[in-house]
Amino acid sequence: KGSLLPEGNVVRELSSYGYLGVHVFFIISGFLVPYSAYLKGYSYSNWLSFLKRRLIRIEPPYIVSVLIMFTGYLLVFSYKDWHFPWTVFDLIYNLTYMVEWVDGKWFNVTYWTLAVEFQFYILLMFTLPLFFHKSKGVRWITYLVLFLLAYFINSKSFLLGHWSLFMLGLVTSQYQLNLWTKMEYLLLAIASFLLVYLQYKNVDSNVFVVAAIAIVVFHLFKKMKAVNGYLGDISYSLYITHCIILAFVYGIGLELWNGWVNNTIVGYLLVLIGVLVSIGFAHLFYKCIERPAQNLSRKVK
């Protein structure tokens, strides 16, 4: 047991806020998926194709990452003669996003967010034509209904508990598609931030700050792709694999550390190695698993 960096270290303190990337992920998803569906002319007659494309795009990399996590941890725990905390049933629950429903255990702390994301796809199947309806009245009513549902059903294990973040991304995508005037967008954005406050005030006030920064960035770089460049390409692969890679790199480092425990320089070096190895593994994972899944999903009409 040990820690790479001592308590109070600035890098350790800053990295403790990394979990907020999850909330930015929800906002980006709320922006990108509806935006893309609108440009492709989504309608209720396309629901099956929409779901197929999302499943083919997301599920193969996710399933492979789950199997890697399960196998990797099983080997390590067996080698160390530790009690393995998961069962085959947990493997099934992770693969089917059922963990929260059956009080199981996630292999990866980020997997619960993909369960929420999947619920978002299901919701969009039924509501996208309403969000992009030619009647603004229909759009306003749709937002009002979901606002009230999210306020009264505020479970953080499920989509409605995070709807405020998806809503922020969604209303911003509509504004950039010229479906709202500036005043209408301002009112919807204020309503979204109000819901963020209501949903997270007793959980984590940092979410409100990060949401505000994310929306400002969206508008500052609205002429750029929301996800762009090399890290953007491998971002999903990095997202679903970095936990297991960092765990192994840091675990090996701490195992070999011994007399270096209080050496901050060595700690920084291990952090750097962990980040680089995570990116390298994500690159291979993207090339071998995610990109073929992307290409296959594009073949769905």
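A salt bridge, as the term is used here, is a side-chain nitrogen of Lys or Arg lying within 4 Å of a carboxyl oxygen of Asp or Glu. Please keep in mind throughout the tour that the structure on your screen is a predicted model.

**First stop: the two salt bridges**

Select E184 and K136 and show their side chains, which meet in a salt bridge with an N to O distance of 2.9 Å. E184 belongs to helix 9 (residues 182–200) and K136 to helix 7, so this pair ties together parts of the chain that are 48 residues apart in sequence. The two partners fall into separate accessibility classes: E184 counts as buried because its relative accessibility is 17%, whereas K136, with a relative accessible area of 31%, is partly exposed.

A search of the whole structure finds two salt bridges, and to see the other one you should select E290 together with R57, whose closest N and O atoms are 2.8 Å apart. Since E290 sits in helix 13 (residues 264–298) and R57 in helix 3, the pair ties together parts that are 233 residues apart in sequence. Are these two residues buried or exposed? Both E290 and R57 are buried.

**Second stop: along helix 3**

Stay on helix 3, which spans residues 47–80, and move the selection to S65, another residue of this helix. S65 has a relative accessible area of 2% and is therefore buried, the limit for that class being under 20%. If you leave aside residues up to four places away in sequence, S65 touches Y111, I240, T241 and F285, and displaying these four side chains with S65 will show you its surroundings.

Next, go to T71, which is also placed in helix 3 and which, at 41% relative accessibility, counts as partly exposed. A distance drawn from the C-alpha atom of T71 to that of F84 should read 11 Å, for two residues that are 13 positions apart along the chain.

Then turn to N46, which lies in the loop between helix 2 (21–39) and helix 3. N46 counts as partly exposed, its relative accessibility being 27%. Which distance separates N46 from M125 in space? Their C-alpha atoms are 8.7 Å apart, although the two residues are 79 positions apart in sequence.

**Third stop: F118 and two loops**

Select F118 in helix 6, a residue that is partly exposed with a relative accessible area of 25%. Apart from residues up to four places away in sequence, F118 touches L55 and Y97. The C-alpha atoms of F118 and Y97 are 8.6 Å apart, with their positions 21 residues apart in sequence.

Y97 deserves a selection of its own, and you will find it in the loop between helix 4 (88–95) and helix 5 (99–102). Its backbone has a positive phi of about 60°, although Y97 is not a glycine. At 9% relative accessibility, Y97 counts as buried.

Now follow the chain to D103, in the loop between helix 5 and helix 6. D103 likewise has a positive phi of about 60° without being a glycine, but D103 counts as exposed, because its relative accessibility is 71%.

**Fourth stop: helix 6 against helix 7**

Colour helix 6 (residues 111–131) and helix 7 (residues 136–152) separately, and you will see them pack at an angle of about 140°, with their axes 8 Å apart. To bring out the contact, show L123, L130 and F131 from helix 6, which meet V138, R139, T142, Y143 and L146 from helix 7. Sorted by class, the residues of this contact are six nonpolar, one polar and one charged.

**Last stop: a nonpolar patch**

Finally, switch to a surface view and select I141, L144, V145, L148, L149, Y151, F152 and I153, which form a nonpolar patch on the surface. Together these residues have about 790 Å² of accessible area. One member to examine individually is L148, which is found in helix 7 and which, at 40% relative accessibility, counts as partly exposed.

Technical notes. Residues numbered from 1 in each chain as written. Predicted model: local features only at pLDDT ≥ 70, side-chain atom pairs only at ≥ 80, totals over all residues. Heavy atoms only, no water. Axes fitted to C-alpha atoms, helices over the stretch in contact; angles between N-to-C directions. Helix = DSSP H or I, 4+ residues; strand = E, 2+ residues; numbered from the N terminus. Contact = heavy atoms within 4.5 Å. Nonpolar A, V, L, I, M, F, W, Y, C, P; charged D, E, K, R; others polar. Patch = residues over 30% accessible without salt bridge, like charges linked within 9 Å, V, L, I, M, F, W, Y side chains within 5 Å. Areas by Shrake-Rupley, 256 points an atom, 1.4 Å probe, with all protein chains shown as cover. Buried < 20%, exposed > 50% of the residue type's maximum accessible area, 1.4 Å probe, protein only.
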